[in-house]
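Here's a quick briefing to read with the structure open beside you. Take it one topic at a time and find each residue as you go.

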Amino acid sequence: MGKNFIGLDTEKTAKLADSLNDLLANYQIFYMNVRGYHWNIKGNDFFELHVKFEELYDDLLLKIDEIAERVLTLGHRPAHAYSTYIERSEVPEKRDVSDGKEAMENIVDSFAKLIGKQRELLSLAGDAEDEGTVALMSDYISQQEKTVWMYRSYLGH
Ligand SMILES: [Fe+2]
């Protein structure tokens with residue numbers, strides 16, 4: 001089995017990079033959805049949620065860049081076309097959401113999808129002895145599990 005320039009199995013790394021691109025697509029659609037919530041939200045919670053959604057999309061943008069640069073670090077090319085994101089994302093595009101509760105529910109659902117994908121990646125990366133990706137996924141999972149708890153509390157779940 002061949003090793004790449006950072007000592008990782010070439011074949012396993014190609015699979016990992018592909019899964020990271022899949023994750024990237026989901027983040028990009030989620031990111032744009034949250035920008036839409038930030039812009040379109042209406043009602044009594046406007047000021048609170050407008051700010052909250054900005055905090056969220058800023059964080060998603062940081063992670064988008066980290067995921068893309070992890071793909072590059074592994075020697076592959078990050079997906080960078082919206083058409084690819086649409087094709088690969090399981091997080092659906094959301095349009096014209098102005099209700100705060102609906103936006104919060106969508107966010108909780110999207111996080112559940114991302115966390116599931118990141119758990120799969122964690123196990124793939126572990127199998128490939130790719131500690132860099134393991135650490136990244138592990139950070140995202142624990143942060144986002146906490147975020148889900150807080151968003152669900154807000155929703156009264
Ligand atoms: Fe803004």
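**The briefing**

Right after α5 comes Gly156, which has a positive phi near 80 degrees. Keep in mind that you're looking at a predicted model. The protein chain has five helices and zero strands, so its pattern along the sequence reads α-α-α-α-α.

**Overall build**

- The C-alpha trace of the protein chain spans about 60 × 30 × 20 Å along its principal axes.
- For 157 residues, a compact globule would have a radius of gyration near 15 Å, and the 17 Å of the protein chain agrees with that.
- Of the 157 residues in the protein chain, 44% are buried.
- The protein chain exposes about 8700 Å², and 51% of that comes from carbon and sulfur atoms.
- Take the contacts in the protein chain with a separation of 6 or more: 78% of them join residues 24 or more positions apart.

**Helix α5**

- Helix α5 runs from 131 to 155 and has 25 residues.
- From its first C-alpha to its last, α5 reaches 36 Å, close to the 36 Å expected at 1.5 Å a residue.
- The buried residues of α5 include Val134, Met137, Tyr140, Ile141, Gln144, Val148 and Tyr151.
- An α-helix has 3.6 residues a turn, so residues three or four places apart point the same way.
- Which helices do the buried residues of α5 pack against? They pack against α1, α2 and α4.

**Helix α2**

- Helix α2 covers 46 to 73, and its 28 residues reach 40 Å from the first C-alpha to the last, close to the 40 Å expected at 1.5 Å a residue.
- Among the buried residues of α2 are Leu49, Phe53, Leu56, Leu60, Ile64 and Ile67. Lys63 and Arg70 are on the buried list of α2 too.
- The buried residues of α2 pack against α1, α4 and α5.
- Just after α2 you'll find Gly75, with a positive phi of about 90 degrees.

**The nonpolar core**

- In soluble globular proteins, nonpolar side chains tend to be buried together.
- Here the largest nonpolar core has 46 residues, and Tyr27, Phe30, Val34, Phe53, Leu56 and Ile107 touch the most other members.
- The elements giving two or more residues to this core are α1 (10-40), α2 (46-73), α4 (100-127) and α5 (131-155).
- Helix α1 supplies the largest share of the core, with 12 residues.
- What does Phe53 touch, if you skip its neighbours within four places in sequence? Phe53 is in contact with Val34, Tyr37, His38, Ile41, Ala103, Met104 and Ile107.

**Aromatic rings**

- There are seven aromatic pairs if you count rings whose centres lie within 6.5 Å.
- One of them joins Tyr27 and Tyr140: the ring centres are 6.3 Å apart, and the planes sit at 55 degrees, making the pair tilted.
- Tyr27 belongs to helix α1 and Tyr140 to helix α5, so this pair ties together parts that are 113 residues apart in sequence.
- Are these two tyrosines buried or exposed? Both Tyr27 and Tyr140 are buried.
- Phe46 and Phe47 make an edge-to-face pair because their ring centres are 5.2 Å apart and their planes are at 85 degrees.
- Phe46 is partly exposed, with a relative accessible area of 24%, while Phe47 is exposed at 67%.
- Phe30, Phe111 and Tyr151 come together as one aromatic cluster.

**Positive phi outside glycine**

- Most residues other than glycine have a negative phi, and most peptide bonds are trans.
- Asp96 isn't a glycine, yet it has a positive phi of about 55 degrees.
- Look for Asp96 in the loop between α3 (82-88) and α4. Asp96 counts as exposed because its relative accessible area is 70%, and the cut-off for exposed is over 50%.
- Glu129 isn't a glycine either, and its phi is positive at about 55 degrees.
- Where does Glu129 sit? Glu129 is in the loop between α4 and α5, and at 66% relative accessibility it counts as exposed.

Definitions and conventions. Residues are numbered from 1 along each chain as its sequence is written. Side-chain values use heavy atoms; hydrogens and water are left out. A nonpolar core is a set of buried Ala, Val, Leu, Ile, Met, Phe, Trp, Tyr and Cys residues joined through side-chain atoms within 4.5 Å. Buried means under 20% relative accessible area, exposed over 50%, partly exposed in between (1.4 Å probe, protein chains only). Helices (H or I, at least four residues) and strands (E, at least two) are DSSP runs, numbered from the N terminus. Contact means heavy atoms within 4.5 Å. The expected span of a helix is 1.5 Å times one less than its number of residues. The radius of gyration is taken over C-alpha atoms; the globule rule is 2.2 Å times the number of residues to the power 0.38. Accessible areas come from the Shrake-Rupley method with a 1.4 Å probe; for residues, only the protein chains shown count as cover. Rings of Phe, Tyr and Trp (its six-membered ring) pair if their centres lie within 6.5 Å; planes under 30 degrees apart count as stacked, over 60 as edge-to-face and the rest as tilted.
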